[in-house]
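These are my notebook entries from a session of looking things up in one protein model. I wrote them in the order in which I asked my questions.

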Amino acid sequence: MDTRVYSRQQLVEMHGTAQFRRLVAAGALTPVRRGWYAGPDATPRVVEAVRAGGALSCVSALAVRGLWMPPGYSDRVHLRASKHLSTHRSCRLPGGVQPVTSAIDSLGDALACASLCMTDEDWVIVVDSALNKHTLTIPRLQEQMGVVSARMRRLMARCDGRSQSGTESAVRFRLQSRRVVVEVQPDVPTVGRVDLRVGRILIECDSVEHHTGIETYQKDRNRDRAAVLRGEATWRVTYKDVFVDWATAGRDLFGLIAADRHRDRRQKRPA
């Protein structure tokens with residue numbers, strides 16, 4: 001990932017010493033701190049982290065890398081500092097202090113750092129996103145993370161790269177935490193693929209981006225009618241339902257489950 005912030009060593013390897021000096025003299029590279037330089041299109045948060053004495057890491061690096069981020073982690077820049085530059089505001093790796101050799105931590109290091117800054121649910125959400133976005137397996141991702149703590153292994157056993165959004169990951173996590181059996185991304189005959197399924201309840205985690213266009217709006221209603229004809233029901237939730245008003249939405253969903261209204265008592269579903 002190119003964030004346009006490099007160490008002097010990286011720039012010399014890329015351009016050679018003479019060209020590096022010409023770029024600095026021409027103002028094409030701006031000193032950020034001793035031994036580090038930013039190009040004209042440098043990512044602001046990466047520049048801030050390097051200027052503070054470290055590399056962009058943890059949740060900030062994951063956000064810059066385009067992973068789905070739960071709310072509540074954008075209040076400050078998360079950085080990982082090397083030992084001689086460490087501060088009380090620095091994030092750290094589970095295995096202890098490691099050298100800083102690039103302006104932004106790798107995906108594996110950023111996820112490992114984030115495991116110490118995020119709640120269980122939120123960390124599962126970003127790992128889901130990493131698995132989905134980068135088409136990785138959990139063993140392959142663990143190889144990139146260095147030291148994997150017992151907590152990280154326990155949580156990764158609950159991750160699922162099929163998840164299409166953070167809202168879907170959150171709902172699945174909350175259901176499974178209550179020992180509810182959940183199907184992920186099932187393909188339902190006559191309805192199509194849905195986000196989650198609990199018995200006869202088809203759970204769709206809707207976003208403004210993907211569920212408000214006229215064509216998509218109509219398609220969703222067609223799918224809902226198809227579900228009713230199968231004897232199933234679609235239960236739709238939004239980002240706000242999941243991350244702002246779960247007290248209400250969760251009460252309704254778990255109320256249905258507690259009343260056994262998700263049970264499929266038919267002998268056979270119609271084709």
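**Entry 1: a helix and its strands.** Across which strands does helix α13 lie, and at about what angle does it run to β11? I found that α13, which covers residues 246-258, lies across β9, β10 and β11, and that its direction makes about 160° with that of β11. I note here, before going further, that I am reading a predicted model.

**Entry 2: the whole chain.** I then stepped back to the protein as a whole, where I counted 13 helices and 11 strands. The C-alpha trace spans about 75 × 40 × 30 Å along its principal axes. Of the 271 residues, 46% are buried, and the accessible surface comes to about 14,400 Å², with 50% of it belonging to carbon and sulfur atoms. When I looked at contacts with a separation of 6 or more, I saw that 60% of them join residues 24 or more positions apart. For the charges I noted 42 positive and 29 negative side chains, with the centres of the two sets 4 Å apart.

**Entry 3: the four-stranded sheet.** Back at the strands under α13, I looked up their order and found an open sheet of 4 strands, β6-β9-β10-β11, with mixed pairing. Why is one side of β6 and of β11 left without a neighbour in the sheet? Both stand at the edges, and each has a single partner strand, so one side of each stays unpaired within the sheet. Helix α9, residues 166-177, also packs on this sheet, where it touches β6, β9, β10 and β11, and its direction makes about 140° with that of β10.

I followed the pairings one by one:

- β6 and β9 run antiparallel and are joined by 2 bridges, and E183 stands opposite R197 in β9.
- β9 (residues 196-198) and β10 run antiparallel as well, joined by 3 bridges, and here R197 has L202 as its bridge partner.
- β10 and β11 (residues 233-238) run parallel, with 6 bridges between them, and L202 is partnered by T234 in β11.

Read in this order, the partners lead me from E183 to R197, from R197 to L202, and from L202 to T234. The hairpin of β9 and β10 has 2 residues between the strands, and in it G199 takes a positive phi near 60°.

**Entry 4: strand β10.** How many of the residues of β10 are buried? I found 6 of 6 buried in this strand, which covers residues 201-206. In a regular strand the side chains alternate between the two faces of the sheet. In β10 I saw I201, I203 and C205 point one way and L202, E204 and D206 the other, and I noted that all are buried, the charged E204 and D206 included.

**Entry 5: the three-stranded sheet.** Near the start of the numbering I looked up another open sheet, made of 3 strands in the order β1-β3-β2, with antiparallel pairing. Its edges are β1 (5-7) and β2 (30-33), and since each has a single partner strand, one side of each is left without a neighbour in the sheet. Neighbouring strands here are turned by 35° against each other on average, direction ignored. Between β1 and β3 (residues 36-38) I counted 3 bridges, and S7 stands opposite W36 in β3. Two helices lie across these strands: α1 (residues 8-15) crosses β1 and β3 at about 95° to β1, while α3 (residues 44-51) lies across β1, β2 and β3 at about 55° to β2.

**Entry 6: loop residues.** Is T135, in the loop between α6 and α7, buried or exposed? I recorded T135 as exposed, because its relative accessible area is 70% and the cut-off is over 50%. T135 has a positive phi of about 45° although it is not a glycine. R179, in the loop between α9 and β6, also has a positive phi, of about 60°, without being a glycine, and R179 is exposed with a relative accessible area of 79%.

Last, I looked up G95, which lies in the loop between β5 (79-81) and α5 (107-114) and is partly exposed at 46%. G95 and G146 are 51 residues apart in sequence, yet their C-alpha atoms are 7.6 Å apart in space.

Notes: Residues numbered from 1 in each chain as written. Predicted model: local features only at pLDDT ≥ 70, side-chain atom pairs only at ≥ 80, totals over all residues. Heavy atoms only, no water. Buried < 20%, exposed > 50% of the residue type's maximum accessible area, 1.4 Å probe, protein only. Contact = heavy atoms within 4.5 Å. Areas by Shrake-Rupley, 256 points an atom, 1.4 Å probe, with all protein chains shown as cover. Charge placed at Lys NZ, Arg CZ, Asp CG, Glu CD. Pairing = 2+ DSSP bridges. Axes fitted to C-alpha atoms, helices over the stretch in contact; angles between N-to-C directions.
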